[in-house]
Amino acid sequence: MASYSSYSSWPFFFFVLVSSLCMFGMNISITSAQLSSTFYATSCPNLLPTIQAAVGCDASILLDDTSSFSGEKTAGPNANSVRGFNVIETIKTQVEAICPKTVSCADILAVAARDSVAALGGRSWVVQLGRRDAKTASMSDANSNLPAATLGLSGLITSFSTKDFTTKEMVILSGSHSIGQARCTTFRSRIHNETNIDAPFATSLKTSCPTSGNDNNLSPLDATPIIFDNTYYKNLVSKKVLVNLQYRNH
């Protein structure tokens, strides 16, 4: 496996995160059709191996701003956080080459998330297919629907419950923090001002994330940032987590 310094985990974290965000139901085009794991068996039989090779919701988050709407890419919860759009665009191009105008970006995201988790050591699962893409996007919807990093436990439970998620399902989804990194600006206050954090852990981060400056310096979200495992949850118990949102989940 490639070393951490040479391996970019952001695209993989993006797939998992975006799939979670898509579940929040923003701009979803509702149809009466039921999802099926064999939805493209006839219309695009080579879809799954094509996506898997490239990896090694409604996809409204992928839409760029236009003259008629401001999209979700630069919404508060997504700005400087969600990345890897170019990877999805590459996969979409390859899928279009074998099955023009057939497969939705929303389904590509869902399959890519599954393949990314499996590629990084997590479990695989059967993906139900047949989603439809949105034709518009809304920064306002993203800002109002996505849970803010400043929410406490009760706020998170409420936010997820409005989308029909149980508390247990919310905690499971938070496991996507097993992969990726966080910017200094998102955890500076935690390591310098809060007490509900392991002291040696906080001290180890203060050089790269001082009280001012170095906003874009990155630190891993857990101790195994390129492996999809349960280290994130172990770090929660030991109070060795970067972002206060994660600690409040515990």
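**Two helices and two disulfides**

Hi everyone, let's start with a contact between two helices: F187, I191 and H192 in helix 8 meet A202, L205 and K206 in helix 9. Sorted by character, the residues where helix 8 touches helix 9 come out as four nonpolar, one polar and one charged. Before I go on, please keep in mind that this is a predicted model.

So how do we describe a pair like this? Two packed helices are described by the angle between their axes and by the distance between those axes. Here, helix 8 covers residues 184–193 and helix 9 covers residues 199–206. Their axes come within 9 Å, and they cross at roughly 125°. Is that parallel, perpendicular or oblique? Angles of 65 to 115 degrees count as roughly perpendicular, and those over 145 as roughly antiparallel. Helix 8 and helix 9 are therefore oblique to each other. The crossing of these two helices has a hand as well, and it is left-handed.

Now for the cysteines. A disulfide is a covalent bond between the sulfur atoms of two cysteines. How many disulfides are there in this model? The count comes to two.

One of them brings us back to helix 8. C184 is joined to C209 by a disulfide, with 2.0 Å from S to S. Where do these two cysteines sit? C184 is in helix 8, while C209 is in the loop between helix 9 and strand 2 (218–220), so the pair ties together parts that are 25 residues apart in sequence. The torsion about the S-S bond of C184 and C209 is about 80°, so this disulfide is right-handed.

Are these cysteines buried or exposed? Residues under 20% relative accessible area count as buried. C184 has 0% relative accessibility, so it is buried. C209 is at 1%, so it counts as buried too.

Next, the disulfide between C44 and C99. Their sulfur atoms are 2.0 Å apart. The link of C44 and C99 has 90° about the S-S bond, and it is right-handed. For burial, C44 has a relative accessibility of 2%, so it counts as buried. C99 has a relative accessible area of 5%, so C99 is buried as well.

One more cysteine before I stop: C105. Its relative accessibility is 17%, and because the cut-off for buried is under 20%, C105 counts as buried.

To wrap up, helix 8 is a good place to begin when you turn the model around: it crosses helix 9 obliquely, and its C184 is bonded to C209. Thanks for listening!

Conventions: Residues numbered from 1 in each chain as written. Predicted model: local features only at pLDDT ≥ 70, side-chain atom pairs only at ≥ 80, totals over all residues. Heavy atoms only, no water. Axes fitted to C-alpha atoms, helices over the stretch in contact; angles between N-to-C directions. Helix = DSSP H or I, 4+ residues; strand = E, 2+ residues; numbered from the N terminus. Parallel < 35°, antiparallel > 145°, perpendicular 65-115°, else oblique. Left-handed = near helix turned anticlockwise from the far one by under 90°. Contact = heavy atoms within 4.5 Å. Nonpolar A, V, L, I, M, F, W, Y, C, P; charged D, E, K, R; others polar. Disulfide = S-S within 2.5 Å. Buried < 20%, exposed > 50% of the residue type's maximum accessible area, 1.4 Å probe, protein only.
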